[in-house]
Amino acid sequence: MEEAVGTTREEVKQSSARARFKRLHDTLRLRICLLDYAPGTRLGEEALADEFGVSRTPLRRVLAQLEAEGLVQSVQGVGTIVTDVEIGALTQVYQLRMELAELLGKLSPVEPDENLVAEFRSLLARGRELQAQPDPRAFAELNMDVFNTLLRLTENEPLREISERLYYQTTRIWLKSISRLDLADEIAIFTREVADVLAAVEIGDLSAVGHIRRSHISMSFTRLKQNAG
């Protein structure tokens, strides 16, 4: 009996550690992707450890994960630096994202329930509100929320993991390019995509969702390239 209790406690401990790792990782990733930590920013381990109330050991694991995802770089004698992103260097990433988008409706698809449909409706409402009052940060947050909701349409874990990694490699490009883009127009285009996705989700046509997403990624990439430089 004691052994069973000990095993349960260990499992709870491991689960708690994983949850803390995810929260810290997701928080730092969000700050990087919203440009709270601009490219070139040095992430001080001591300051971050104090802020989040953790030791340097789990923090270093998180930073190592972010480096594997291409968001930071460890520079000897300097520390951990937030990487920069340029549209020209991400061509192959966007190409792969387009192909993966269509797999959402093909690999281990999840039949949307009322909760998921309601979530897409809420996202569409947010998009329409932003059309009236455009805000780049709020738009970036909406874009991320739409992406994460789309991932719930598949139970294929490798697809989810690869799609997530590639998405967060490219998401900063938009905020970096905002000064050269028409914000109101970008929000309108994105809101139309969400409306189309919602219509497909409501009738359970996940294949259509994949095609809509692929088309959106392709057109977004083309607009970004045209406005680069």
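# Exercises on strands and helix pairs

H6 passes H7 in a right-handed crossing. Keep that in mind for the first exercise, and remember that this is a predicted model.

**Exercise 1.** Work out how helix H6 runs relative to helix H7, and which residues make their contact.

*Solution.* Start with the geometry: H6 covers residues 136–151 and H7 covers residues 157–170. Their axes come within 11 Å and cross at roughly 170 degrees. Now bring in the cut-off: angles over 145 degrees count as roughly antiparallel. H6 is therefore roughly antiparallel to H7. Next, pick out the contact residues. From H6 you get Asn143, Met144, Phe147, Asn148 and Leu151; H7 brings Arg160, Ser163, Glu164, Tyr167 and Tyr168. Last, sort them by type: five are nonpolar, three polar and two charged.

**Exercise 2.** Do the same for helices H4 and H10: find their relative direction, the handedness of the crossing and the make-up of the contact.

*Solution.* H4 spans residues 91–103 and H10 spans residues 206–226. The two pack at an angle of about 165 degrees, with their axes 7 Å apart. Because angles over 145 degrees count as roughly antiparallel, H4 is roughly antiparallel to H10. As for handedness, H4 and H10 cross in a left-handed way. On the H4 side, the contact uses Thr91, Tyr94, Arg97, Met98, Glu99, Ala101 and Glu102. Over on H10, look for Gly210, His211, Arg213, Arg214, Ile217, Ser218, Phe221 and Leu224. Sorting the contact residues of H4 and H10 gives six nonpolar, four polar and five charged.

**Exercise 3.** Trace how strand E3 is paired with E1 and E2, then look at the hairpin.

*Solution.* Take E1 to begin with. This strand (residues 42–43) runs antiparallel to E3 (residues 79–82), and two bridges join them. Leu43 sits opposite Thr80 of E3. Then move to E2, residues 72–75, which is also antiparallel to E3 and joined to it by four bridges. Within that pairing, Gln73 has Ile81 as its bridge partner. Finally, check the turn: the hairpin of E2 and E3 has three residues between the strands, and Gly77 takes a positive phi near 80 degrees.

**Exercise 4.** Find the span of the domain that UniProt annotates, and describe its secondary structure content.

*Solution.* The unreviewed UniProt entry puts "domain: HTH gntR-type" at residues 18–85. In the model, that span is 54% helix and 15% strand. For the end-to-end distance, go to the C-alpha atoms at the two ends of residues 18–85: they lie 29 Å apart.

Conventions: Residues are numbered from 1 along each chain as its sequence is written. This is a predicted model: local features need pLDDT of at least 70, side-chain atom pairs count only at pLDDT 80 or more; totals for chains, interfaces and linings use all residues. Side-chain values use heavy atoms; hydrogens and water are left out. Two strands pair if DSSP finds at least two bridges between them. Axes are lines fitted to C-alpha atoms, for helices over the stretch in contact, and angles run from 0 to 180 degrees between N-to-C directions. Angles under 35 degrees count as roughly parallel, over 145 as roughly antiparallel, 65 to 115 as roughly perpendicular and the rest as oblique. A crossing is left-handed if the near helix is turned anticlockwise from the far one by less than a right angle, and right-handed if clockwise. Contact means heavy atoms within 4.5 Å. Ala, Val, Leu, Ile, Met, Phe, Trp, Tyr, Cys and Pro count as nonpolar, Asp, Glu, Lys and Arg as charged, and the others, Gly among them, as polar. UniProt positions are given in the numbering used here, feature names are shortened, and annotations may be inferred rather than shown by experiment.
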